[in-house]
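User: Please take a close look at one part of this chain for me. Choose a part, go through it residue by residue, and then set it against the whole.

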Amino acid sequence: MFLFIFVSSLSKKGLAYFGKYIQPTPILLPINILEDFTKPLSLSFRLFENILADELVVVVLVSLVPLVVPIPVMFLGLFTSGIQALIFATLAAAYIGESIEGDH
């Protein structure tokens, strides 16, 4: 996702895109670069751990009770995973839009 943010911003603004890294003061350059990497990375980790937690809950339920209870939980997991994917796509689009606009 960082690559998409970088490419879209670079194609829209050209080399002026790099000016945002030293905008307030050049001392903040490492923090601004780190911010661009951590936003999409933290979003990806949150999505991954939510899906992993959902799968772990289903595995524990299957091992403890018959399949009558875990099957509805699996369908609920599909529904919540769809919502999480929608939120992920919305936030990714917001990050790309923010990067193109350049107004922090």
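Analyst: A helix here is a DSSP run of H or I that holds at least four residues, and helices are numbered from the N terminus. Keep that in mind for the part chosen here, helix α2. The model is predicted. Helix α2 spans residues 29–64.

Start with the setting. The chain has 3 helices and 0 strands. Along the sequence the pattern reads α-α-α. Helix α1 takes residues 2–13, and helix α3 takes residues 70–101.

Now step into helix α2 itself. Asn32 belongs to this helix. Is Asn32 buried or exposed? Its relative accessibility is 14%. Buried means under 20%, so Asn32 counts as buried. What does Asn32 touch, once neighbours within four places in sequence are set aside? Its partners are Lys20, Tyr21, Ile22 and Pro24.

Move on to Leu41, which is also in helix α2. Leu41 has a relative accessible area of 46%. The class between 20% and 50% is called partly exposed, so that is the label for Leu41. Asn32, by contrast, is buried. Next, compare sequence and space. Leu41 and Phe75 are 34 residues apart in sequence. Their C-alpha atoms are 28 Å apart in space.

Look next at the loop between α1 and α2. Gly19 sits in this loop. Gly19 is partly exposed, because its relative accessibility is 27% and lies between the two cut-offs. From Gly19 to Asp54 is 35 residues along the chain, and their C-alpha atoms are separated by 42 Å.

Ile27 lies in this loop too. Is Ile27 buried or exposed? The relative accessible area of Ile27 is 69%. Exposed means over 50%, so Ile27 is exposed. Ile27 and Phe79 are 52 residues apart along the chain. The distance between their C-alpha atoms is 45 Å.

What does a database record add? The unreviewed UniProt entry annotates residues 51–69 and 76–96 as "transmembrane region". In the model, residues 51–69 are 74% helix and 0% strand. The end C-alpha atoms of that span are 19 Å apart. Residues 76–96 are 100% helix and 0% strand. Here the end C-alpha atoms lie 30 Å apart.

Helix α3 holds Ile100. With a relative accessible area of 24%, Ile100 is partly exposed. Ile100 touches Ser8, Ser9, Lys12 and Lys13, leaving out residues up to four places away in sequence. Val57 is 43 residues from Ile100 along the chain. The C-alpha atoms of Ile100 and Val57 are separated by 39 Å.

Finally, step back to the whole chain. A compact globule of 104 residues would have a radius of gyration near 13 Å. This chain has 19 Å. Its C-alpha atoms fill a box of roughly 60 × 25 × 20 Å along the principal axes. Of the 104 residues, 17% count as buried, and Asn32 in helix α2 is one that counts as buried.

Contacts come next. Take the contacts in the chain with a separation of 6 or more. Residues 24 or more positions apart account for 62% of them.

The surface and the charges complete the view. The accessible surface comes to about 7,200 Å². Carbon and sulfur atoms hold 78% of that area. There are 5 positive and 8 negative side chains. The centres of the two sets lie 9 Å apart.

Key:
Residues numbered from 1 in each chain as written. Predicted model: local features only at pLDDT ≥ 70, side-chain atom pairs only at ≥ 80, totals over all residues. Heavy atoms only, no water. Helix = DSSP H or I, 4+ residues; strand = E, 2+ residues; numbered from the N terminus. Rg over C-alpha atoms; globule rule 2.2 N^0.38 Å. Buried < 20%, exposed > 50% of the residue type's maximum accessible area, 1.4 Å probe, protein only. Contact = heavy atoms within 4.5 Å. Areas by Shrake-Rupley, 256 points an atom, 1.4 Å probe, with all protein chains shown as cover. Lys, Arg positive; Asp, Glu negative; His and termini not counted. Charge placed at Lys NZ, Arg CZ, Asp CG, Glu CD. UniProt positions renumbered as here; feature names shortened; annotations may be inferred.
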